[in-house]
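Colleague: I would like to learn how to read a model of this kind. Could we take it one feature at a time?

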Amino acid sequence: MLDLIIEGGTLIDGTGSPRRRADLGIAGGQVEAIGDLAAAEASRRIQADGLAVAPGFIDLHTHCGFDTKHQPGGANMNYLRQGVTTVVGGNCGFGPIDFETLRRNLEGAKDGPNLAMMIGHNSVREKVIGLDDRAPSADELRQMQRLVEAAMAHGAIGFSSGLYYVPGCYSKTDEVTALARAAAAYGGFYSTHMRTESDGVMEAIEESIAIGRGSGLPVQISHHKV
Ligand SMILES: [Zn+2]
């Protein structure tokens with residue numbers, strides 16, 4: 001006995017195989033049967049004629065996460081309505097810093113997509129040295145590393161930078177590498193909105209790779225247009 005059959009839809013299963021008409025049987029929260037399920041028993045049936053049936057999409061580049069506190073149970077519903085079931089926030093160096101509070105705010109949420117967050121360099125830098133155009137002192141760098149480590153320990157999936165923006169643009173490569181290394185102790189990846197995407201783009205790519213090499217984190221270049 002299945003819990004749910006989604007029937008009559010066009011199945012696009014995400015494996016790269018061609019779309020096809022198929023029913024989908026779900027039990028215990030998992031897909032248990034695919035094919036012609038006209039004769040199968042289910043507690044509930046949803047007619048999906050003329051509709052696409054697909055696994056949930058993952059949107060790797062969003063700026064979700066700031067507003068979760070104000071929308072209990074309803075955060076980011078716009079994504080869910082487009083078929084996105086997981087969003088990644090904290091991109092481009094900006095996002096919440098206190099992941100313990102973030103996690104607490106999300107605990108009461110019932111609806112909305114899954115939220116995975118990165119810890120952002122710009123937000124961490126602004127918290128410790130404001131918008132000053134200077135290098136951090138050794139003590140300030142340690143404070144920033146501790147904020148990155150705390151976020152990773154509380155579930156951040158990676159470290160992001162936005163070196164095009166204030167105050168990230170005031171940092172040198174060694175600062176970003178040192179913070180990425182703090183994140184690397186917990187795994188994850190380094191995502192960057194590079195220092196530039198026009199003149200100097202090759203140097204910006206080289207810097208992104210150098211930060212990955214220096215920290216041991218895989219690199220994701222968020223926007224890439226030449
Ligand atoms: Zn960006």
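Modeller: Start with the pocket lining. Three residues come from β5, the largest share of the lining of the largest pocket. Bear in mind that this is a predicted model.

Colleague: Which elements give two or more residues to the lining of the largest pocket?

Modeller: They are β4 (23–27), β5 (30–35) and β7 (52–53). The space in the largest pocket is about 250 Å³. Its lining has 15 residues, and Ile6, Leu24, Val53, Ala54 and Pro55 are the closest to the centre.

Colleague: What is the lining of the largest pocket by class?

Modeller: Twelve residues are nonpolar, two are polar and one is charged.

Colleague: Now the metal. Which residues coordinate the zinc ion?

Modeller: For a metal site, read the donor atoms and then their places in the sequence. Here the zinc ion is coordinated by SG of Cys92, ND1 of His193 and NE2 of His223, at 2.1 Å. The spacing of the donor residues in sequence is C-x100-H-x29-H. Cysteine 92 lies in the loop between β9 (84–89) and α2 (99–107), and histidine 193 lies in strand β13 (residues 189–193). These two are 101 residues apart, so the pair links distant parts of the chain.

Colleague: Is cysteine 92 buried or exposed?

Modeller: Buried means under 20% relative accessible area. Cysteine 92 has 3%, so it is buried. Histidine 193 has 7%, so it is buried as well.

Colleague: What does the domain assignment give for the protein chain?

Modeller: It gives domain 1 (2–53) and domain 2 (57–221). Taken over C-alpha atoms, the centres of domain 1 and domain 2 are separated by 37 Å.

Key. Residues numbered from 1 in each chain as written. Predicted model: local features only at pLDDT ≥ 70, side-chain atom pairs only at ≥ 80, totals over all residues. Heavy atoms only, no water. Donors = N, O, S within 2.8 Å, 3.2 Å for Na, K, Ca; no water. Helix = DSSP H or I, 4+ residues; strand = E, 2+ residues; numbered from the N terminus. Buried < 20%, exposed > 50% of the residue type's maximum accessible area, 1.4 Å probe, protein only. Domains from an automatic or database assignment. 1 Å grid on protein atoms, 1.4 Å probe; cavity = no way out; pocket = protein on both sides within 12 Å on 5 of 7 lines; lining within 4 Å. Points joined across faces, edges and corners; volume = space filled by probe spheres on them. Nonpolar A, V, L, I, M, F, W, Y, C, P; charged D, E, K, R; others polar.
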